[in-house]
Amino acid sequence: MDNNYVDLVLDTAAKVVASGAIAANGHGNVSVPVTEQNEMYFTAAPSLIGIGPEDVVRVAFDNTLLEGDLPPIQGAVVAMHTTLYQQEPATGCVIHTHSPYATAFAVAHRDIDCWIEALAMFGMPDGVPVAGYGPRGSDEALANIRAVLRPGLPAVLLANHGVLVFHRTPDLAIVIGGVVEEAARAAINASAIGGPVAIPGAMRAAALQRTMAFHEAGTQSV
Ligand SMILES: [Zn+2]
């Protein structure tokens, strides 16, 4: 085990818990790849709350356990992570949770539309799609995930299950998990007062461009 990767996985898990975009029982898993070795470091505990180095395992991208103790029930979801690393080599972290509001959309088989600006700013101008149901980690579930992936899209809802987010870095993946949960929560609250309204298509690109303009200008307004 490389302690730098073990620490990175544990640090990421703790940040996910602190972000609040997670179910009360902490269910979920986090992975970080070592791309040049075709392997990843993965949390093998059922919950992200209170885990330690003994809960981190090394798994090859072909789903072979390389080091550590991986309970079968957790082994079943390994392939959700390795599929993403193989599909998109620039992926630097995958996070799976059952964050409650986003999971409500997954259970309802309802895509998240572009209801809040942050979705447009963080690579989800067309919202977040639902990948059809298959037993977790099964070939069918993986095919359903691949079927809804698009270049640059950093999140997928897993029908009747939860949420999968992924990005170049762990911190960005954590942000995505928070944005998806925030959008789902706002939409469900809005459903009590007429329902959420999507940002018009042309304005979604404008929201991203304005963010990039601010980024390039530093703290100055433009
Ligand atoms: Zn799950």
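The donor residues of the zinc ion follow the sequence spacing H-x1-H-x62-H. In this predicted model, the protein donors of the ion are H96, H98 and H161, each contributing its NE2 atom, at 2.0 to 2.1 Å from the metal. H96 belongs to strand β5 (residues 93-97), whereas H161 sits in the loop between β7 (155-158) and β8 (162-167), so the pair ties together parts of the chain that are 65 residues apart in sequence. Both H96 and H161 are buried. Since water is not among the atoms, the site may look incomplete.

The charged side chains provide a further set of contacts. Five salt bridges are found when the whole structure is searched. One of them joins R58 to E39, with the closest N and O atoms 2.8 Å apart. R58 lies in strand β3 (residues 56-60) and E39 in strand β2 (residues 39-43); the salt bridge therefore ties together parts separated by 19 residues in sequence. As with the zinc donors H96 and H161, which are buried, R58 and E39 are both buried, meaning that each has under 20% relative accessible area.

Salt bridges with shared partners also join D11, K15 and D171 into one network. Within this network, K15 takes part in a salt bridge with D11 and in another with D171.

The contact between D11 and K15 has its closest N and O atoms 3.5 Å apart, which satisfies the 4 Å limit for a salt bridge. Both residues belong to helix α1 (residues 3-19), and because they are four residues apart there, about one helical turn separates them.

The contact between K15 and D171 has its closest N and O atoms 2.9 Å apart. This pair links distant parts of the chain, as K15 is in helix α1 and D171 is in helix α7 (residues 170-190), 156 residues apart.

How accessible are the members of this network, buried, partly exposed or exposed? D11 has a relative accessible area of 36% and is therefore partly exposed. K15, at 33% relative accessibility, also counts as partly exposed, and D171 is partly exposed with a value of 44%. These values fall between the limits of 20% for buried and 50% for exposed residues. The network of D11, K15 and D171 is thus built from partly exposed residues, whereas the pair formed by R58 and E39 is buried.

How values were computed:
Residues are numbered from 1 along each chain as its sequence is written. This is a predicted model: local features need pLDDT of at least 70, side-chain atom pairs count only at pLDDT 80 or more; totals for chains, interfaces and linings use all residues. Side-chain values use heavy atoms; hydrogens and water are left out. Helices (H or I, at least four residues) and strands (E, at least two) are DSSP runs, numbered from the N terminus. Buried means under 20% relative accessible area, exposed over 50%, partly exposed in between (1.4 Å probe, protein chains only). Donors are N, O and S atoms within 2.8 Å of the metal (3.2 Å for Na, K and Ca); water is not among the atoms, so sites may look incomplete.
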